[in-house]
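Colleague: I've got a model open and I'd like to learn how to read it. Can you walk me through it feature by feature?

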Amino acid sequence: MSLLARRENHDFLTHPIARQALLVVVPEYDRVAPVLAKPVRSGLLALAQGSLLQNYALAVVVGRLSADPVGHVASVLLASDEEGEERLRETLRAWPLTLRRRIYARLQRLRVARSGASSGAEGVKSGQKHGQSQKFRFSQSHNYARGIS
């Protein structure tokens, strides 16, 4: 950036950009978007007038949220500051209760895992219970009718 451009945009460049949920769910956008293009303004009109890169990133967010809403919302809550977390929790109040419970349970597991990893704790205490695995597993069923002629 030239010195003249930096002087003209001094207020913007010195004001910290609030971390957006978009940057957590679509980290590629954070890496490729220019600094001045990162803020996404709220409101439908502002979104419609956004850059092609912003519109693409928003489309990616919608796709990823529809594929795994629990995981992505929990990761956004984990990365949020207090104000951002409160705003997101306010938005989530319109979501179904069962989905919100799953999100908060996943958030709790992520926080425990992060605190365990940051404290350097190795292994799990013998009396501690493990959460249910979210992995999909195939099981073989016995088809007894196959052997009948």
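Colleague: Let me start with one helix: which residues of α7 are buried?

Modeller: Quick ground rules before that. This is a predicted model, where local features need pLDDT of at least 70, side-chain atom pairs count only at pLDDT 80 or more, and totals for chains, interfaces and linings use all residues. Residues are numbered from 1 along each chain as its sequence is written, and side-chain values use heavy atoms, with hydrogens and water left out. Buried means under 20% relative accessible area, exposed over 50%, and partly exposed in between, with a 1.4 Å probe and protein chains only. In α7 the buried ones are Val70, Gly71, His72, Val73, Ala74, Val76, Leu77 and Leu78. That makes eight of eleven residues, so the helix is mostly covered.

Colleague: And how many helices and strands does the protein chain have?

Modeller: Helices (H or I, at least four residues) and strands (E, at least two) are DSSP runs, numbered from the N terminus. Here you get nine helices and zero strands. Across the protein chain, buried residues make up 20% of the 149 residues.

Colleague: Which residues have the most contacts inside the largest nonpolar core?

Modeller: The general idea is that in soluble globular proteins, nonpolar side chains tend to be buried together. A nonpolar core is a set of buried Ala, Val, Leu, Ile, Met, Phe, Trp, Tyr and Cys residues joined through side-chain atoms within 4.5 Å. The largest one in this model has 20 residues, and Val26, Tyr29, Leu77 and Ile103 have the most contacts inside it. The elements giving two or more residues to this core are α3 (21–25), α6 (52–67), α7 (69–79), α8 (82–92) and α9 (97–119). Of these, α7 gives the most, with six residues.

Colleague: What is isoleucine 103 in contact with, leaving aside its neighbours within four places in sequence?

Modeller: Contact means heavy atoms within 4.5 Å. By that rule, and with those neighbours left aside, isoleucine 103 is in contact with Val70, Val73, Ala74, Leu77, Leu92 and Trp95. For the chain-wide view, take the contacts with a separation of 6 or more: residues 24 or more positions apart account for 49% of them.

Colleague: On to charges. How many salt bridges does a search of the whole structure find?

Modeller: A salt bridge is a side-chain nitrogen of Lys or Arg within 4 Å of a carboxyl oxygen of Asp or Glu. The search finds four. One of them pairs arginine 64 with glutamate 28, with the closest N and O atoms 2.6 Å apart. It links distant parts of the chain, from helix α6 to helix α4 (residues 27–32), 36 residues apart. Arginine 64 is partly exposed at 26% relative accessible area, and glutamate 28 is partly exposed at 31%.

Colleague: Which parts does the pair of glutamate 85 and arginine 111 tie together?

Modeller: Their closest N and O atoms are 3.1 Å apart. Glutamate 85 lies in helix α8 and arginine 111 in helix α9, so the pair ties together parts 26 residues apart in sequence. Glutamate 85 is buried, at 15%, whereas arginine 111 is partly exposed, at 30%. Glu85, Arg89 and Arg111 are linked in a network of salt bridges.

Colleague: Are glutamate 90 and arginine 93 buried or partly exposed?

Modeller: Glutamate 90 is partly exposed at 48%, and arginine 93 is partly exposed at 48%. Their side chains meet in a salt bridge at 2.2 Å, N to O.
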